[in-house]
Amino acid sequence: MDKSKRLFLKPKRSFRRRLPPIGSGDRIDYRNMSLISRFISERGKILSRRVNRLTLKQQRLITIAIKQARILSLLPFLNNEKQFAKTESTPRTTGPRTRNKIKRNR
């Protein structure tokens with residue numbers, strides 16, 4: 001091959017193969033909380049298959065296990081911490097606001 005043809009060839013890229021998130025020995029079960037909690041967002045939502053890098057069958061089993069754990073109250077349905085945080089508000093010094101009625105002269 002001459003140099004002009006060699007310029008258009010793409011160099012081979014080496015990439016590191018990612019390990020699957022679920023090993024062959026891991027059982028997908030509603031009682032396996034350490035495994036299930038990896039596939040839930042901070043808000044308590046089930047993460048998508050693309051984010052989890054799971055197969056379709058694994059994602060279905062994870063989803064079923066998460067739903068069973070929620071029903072048995074092992075997992076919360078929502079993890080909405082902002083709702084329960086105390087908000088600092090200024091205390092009211094006066095009573096409820098009353099609007100002053102404007103008298104119109106006709």
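This is a short walk through the structure above, stop by stop.

**Before you start**

You're looking at a predicted model, where local features need pLDDT of at least 70, side-chain atom pairs count only at pLDDT 80 or more, and totals for chains, interfaces and linings use all residues. Residues are numbered from 1 along each chain as its sequence is written, and side-chain values use heavy atoms, with hydrogens and water left out.

**Stop 1: the whole chain**

Show everything as a cartoon. You'll find five helices and zero strands, so the order from the N terminus reads α-α-α-α-α. Helices here are DSSP runs (H or I, at least four residues), strands are runs of E with at least two, and both are numbered from the N terminus.

Now switch on the surface. The accessible surface comes to about 11,000 Å², and 53% of that belongs to carbon and sulfur atoms. Areas come from the Shrake-Rupley method with a 1.4 Å probe, and for residues only the protein chains shown count as cover. Of the 106 residues, 17% count as buried. Buried means under 20% relative accessible area, exposed means over 50%, and partly exposed lies in between (1.4 Å probe, protein chains only).

What about contacts, meaning heavy atoms within 4.5 Å? Among those between residues at least 6 apart in sequence, 50% join residues at least 24 apart.

**Stop 2: helix H4**

Select residues 56-71. This is H4, with 16 residues, and it reaches 23 Å from its first C-alpha to its last. That is close to the 22 Å expected at 1.5 Å a residue, where the expected span is 1.5 Å times one less than the number of residues.

Which residues of H4 are buried? Colour Gln59, Ile62, Thr63, Ala65, Ile66, Ala69 and Arg70 to see them. They sit on the same side of H4 because they cover an arc of only 165 degrees around the axis. The arc is that of the directions from the helix axis to the C-beta atoms. A handy rule while you look down the axis: an α-helix has 3.6 residues a turn, so residues three or four places apart point the same way.

Next, add residues 33-36 and 49-52. These are helices H2 and H3, and both are included in what covers the buried residues of H4. Then spin to the face turned away from the buried side, where you'll meet the exposed residues Lys57, Arg60 and Ile71.

**Stop 3: alanine 65**

Zoom in on alanine 65, which is found in helix H4. With a relative accessible area of 3%, alanine 65 is buried. What does alanine 65 contact, leaving aside its neighbours within four places in sequence? Show Ile28, Asp29, Tyr30 and Ile36 to see the answer. Try a distance label to isoleucine 28 as well: the two residues are 37 apart along the chain, with their C-alpha atoms separated by 7.0 Å.

**Stop 4: the salt bridge**

Stay with aspartate 29 and add arginine 31. Their side chains meet in a salt bridge (2.8 Å, N to O), and a search of the whole structure finds one such pair. The term needs a side-chain nitrogen of Lys or Arg within 4 Å of a carboxyl oxygen of Asp or Glu. Side chains of opposite charge can pair when their charged atoms come close. Aspartate 29 is buried, with a relative accessible area of 14%, while arginine 31 is exposed at 55%.

**Stop 5: methionine 33**

Move to methionine 33 in helix H2. Its relative accessibility is 26%, so it counts as partly exposed. Not counting residues up to four places away in sequence, methionine 33 touches Leu74 and Leu75. The C-alpha atoms of methionine 33 and leucine 75 are separated by 8.6 Å, with their positions 42 residues apart along the chain.

**Stop 6: past the end of H4**

Select Ile71, Leu72, Leu74, Phe77 and Leu78 and show their surface. Together they make a nonpolar patch of about 570 Å². Patches use residues with over 30% relative accessible area and no salt bridge; like charges are joined within 9 Å, and nonpolar side chains (Val, Leu, Ile, Met, Phe, Trp, Tyr) within 5 Å. Isoleucine 71 itself is exposed, at 66% relative accessibility.

Last, pick serine 73, in the loop between H4 and helix H5 (81-84). Serine 73 isn't a glycine, yet has a positive phi of about 55 degrees. For another non-glycine with a positive phi, jump to arginine 53, at about 60 degrees, in the loop between H3 and H4.

How values were computed:
Contact = heavy atoms within 4.5 Å.
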